Structures are given as C-alpha cells and as structure tokens.
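Good morning, colleagues. Please take a moment to look at the sequence and the structure before I begin.

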Amino acid sequence: MTAIAINLNPIIQLTDNQFYQLCRENPEVKFERNTAGELLIMPPTGGETGNHNSEINADFVFWNRQTQLGKVFDSSTCFKLPNGANRSPDVAWIRQDRWDALTPEQKEKFPPIAPDFVLELMSTSDSLRETQDKMQEYIDNGVKLGWLINPKMRQVQIYRLGKSIEISESPQQLSGEDVLPGFILNLQIIWR
C-alpha cells in the first residue's frame, strides 16, 4: 500500500497552522503534504522495517552525542521544506548552527528547514518511484546528502546536492562523507 493522496484544495487550502493542528488532532495518522497541498496519508511500517528504523536511528543518535555537531530527528518529525511540502524522512539530521538559527516557535512546530541529511528506508508498502521522487524533492530543496535504502533489492541510492545519483549494490557500510563527519552506517543490520 502506498501513500494515499487526498486533494482538499477545491474545498479548502490548509494553512500551515491548520495542517499542524490537523496532525495534532489526529496523532494516530501520519500525514505529509506535497507541493500541490494534497494531504498524504502514510501507511504504518511493519515490524522488520520498524526495527531497522530504530536500529539506524540509534546509530545516528550515538554518533551525534559524541560529535555534538547537530540534531537528529526520527520519522515522526515533519519538516516544512522551502517548496511548501511537509515531509517526514525516516532519519534526518541538521547542523547545530542551522538549527540554532530557528526561532523557538519554529523548532516546536514543523521546522521550516530542509535537513542537511535525510534517510528513507523502504518498507514493503512503499512505492520505489514515489520514494525516489521524495528523495529528489529533498535534494531540490537543499538537502546535501540522502540515502534511500531498499532492503528488498539490497540496494542503496545515494543522493548528493549537485551530483548524479549513485547506486550501490549490497554495500557493507555507508560513509557520512563531509556532511556527517566520521559517521559510518553498518548495513549488516539491514541485510541480515
């Protein structure tokens, strides 16, 4: 099952505050919003994907605690991208100075910022084409590095700002390059 798109625009165009309130009033539903203003209802993940997401997020949290270079966010965090879309990557990271430039209110709601790094871990309910489009949207909005991990195909697509997409078959690890200095993700937790 892929995301369900609902176009309310002929009836109402939700403001950012209305979208935020809708999400708060329906915490059991994971909403995103595309650039056309359509609501996207995201299906929940299964057990394997949820476990992998948790393991991956922990690696980012431990690395970030050691380096103290920024902030790590999980899949519940919704970001307001410069193009107007509201997106929730499975893992996101923002450099500390960029995070500190936001107001307390911006940090509390859906931060109006494109993360420096995003990761999407495909589950069986995800559409590859939709997830690739989402990754390209992140890059088009200023994300510097993104990883699309596809466990079923044992493949990683690496997105870099201003560069072509790199496809890696069954890599053992991924490097955070200059965006996440010193970070290495061991993919054995995914490929096992």
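Is Lys163 buried or exposed? Please bear in mind that we are looking at a predicted model. Lys163 has a relative accessible area of 60%, and the cut-off for exposed is over 50%, so Lys163 counts as exposed. This lysine belongs to the loop between S10 and S11. Its C-alpha atom is separated by 9.9 Å from that of Lys144, a residue 19 places away along the chain.

Let me stay with that hairpin. S10 pairs with S11, residues 166-169, in the antiparallel sense, and 4 bridges connect the two strands. Within this pairing, Ile158 has Glu166 in S11 as its bridge partner. The hairpin has 5 residues between its strands, and Gly162 takes a positive phi near 80 degrees there.

Positive phi values also occur elsewhere, and two of them call for comment. Most residues other than glycine have a negative phi. Arg154, however, has a positive phi, near 50 degrees. Arg154 sits in the loop between S9 and S10, and with a relative accessible area of 34% it is partly exposed. Ser170 likewise has a positive phi, near 45 degrees. This serine is located in the loop between S11 and strand S12, residues 173-175, and its relative accessible area of 27% makes it partly exposed.

I turn now to helix H5. It covers residues 128-140, 13 residues in total, and its first and last C-alpha atoms lie 18 Å apart, close to the 18 Å expected at 1.5 Å a residue. Which residues of H5 are buried? They are Thr131, Gln132, Lys134, Met135, Glu137, Tyr138 and Ile139. As a general point, an α-helix has 3.6 residues a turn, so residues three or four places apart point the same way. The cover over the buried residues of H5 includes strands S2, S3, S6, S8, S9 and S10. Just after the helix, Gly142 adopts a positive phi of about 105 degrees.

H5 also leads us to the pockets. The largest pocket has a volume of about 820 Å³. Its lining comprises 39 residues, and those closest to its centre are Lys30, Glu32, Met42, Ser88 and Lys134. Lys134 is thus a buried residue of H5 and also among the residues closest to the pocket centre. Which element supplies the largest share of this lining? That element is H5, with 5 residues. At least two lining residues come from each of helix H1 (16-25), S2, S3, S8 and H5. By residue class, the lining of the largest pocket holds 16 nonpolar, 11 polar and 12 charged residues.

The second largest pocket contains about 190 Å³ of space. Its lining divides into 4 nonpolar, 5 polar and 3 charged residues. Helix H2, residues 47-67, gives the most to that lining, namely 3 residues. Among the lining residues are Glu48, Met122, Thr124 and Asn150, and I should like to consider some of these individually.

Glu48 lies in helix H2 and counts as exposed, at 58% relative accessibility. Its C-alpha atom is 9.8 Å from that of Thr124, although the two are 76 residues apart in sequence. Why does Asn150 count as buried? Its relative accessibility is 7%, and buried means under 20%, so the assignment follows. Asn150 is placed in strand S9. Leaving aside residues up to four places away in sequence, Asn150 touches Met122, Leu128, Gln155 and Trp191. Of these contacts, Met122 also appears in the lining of the second largest pocket.

Finally, I come to strand S7, residues 91-95. Because 4 of its 5 residues are buried, S7 is largely enclosed by the rest of the structure. Strand S4, residues 70-73, runs antiparallel to S7 and is joined to it by 4 bridges. In that pairing, Phe73 has Ala92 as its bridge partner in S7. S7 is also joined to S8, again in the antiparallel sense, by 3 bridges. There, Trp93 stands opposite Phe117 in S8. S8 itself is one of the strands that cover the buried residues of H5, and it also contributes at least two residues to the lining of the largest pocket.

Thank you for your attention.

How values were computed: Residues are numbered from 1 along each chain as its sequence is written. This is a predicted model: local features need pLDDT of at least 70, side-chain atom pairs count only at pLDDT 80 or more; totals for chains, interfaces and linings use all residues. Side-chain values use heavy atoms; hydrogens and water are left out. The expected span of a helix is 1.5 Å times one less than its number of residues. Buried means under 20% relative accessible area, exposed over 50%, partly exposed in between (1.4 Å probe, protein chains only). Contact means heavy atoms within 4.5 Å. Two strands pair if DSSP finds at least two bridges between them. On a 1 Å grid over the protein atoms alone, a cavity is a set of points where a 1.4 Å probe fits but cannot get out, and a pocket is an open set with protein on both sides within 12 Å along at least five of seven lines; lining residues have an atom within 4 Å of a point. Grid points are joined across faces, edges and corners, and a volume is the space filled by probe spheres set on the points. Ala, Val, Leu, Ile, Met, Phe, Trp, Tyr, Cys and Pro count as nonpolar, Asp, Glu, Lys and Arg as charged, and the others, Gly among them, as polar.
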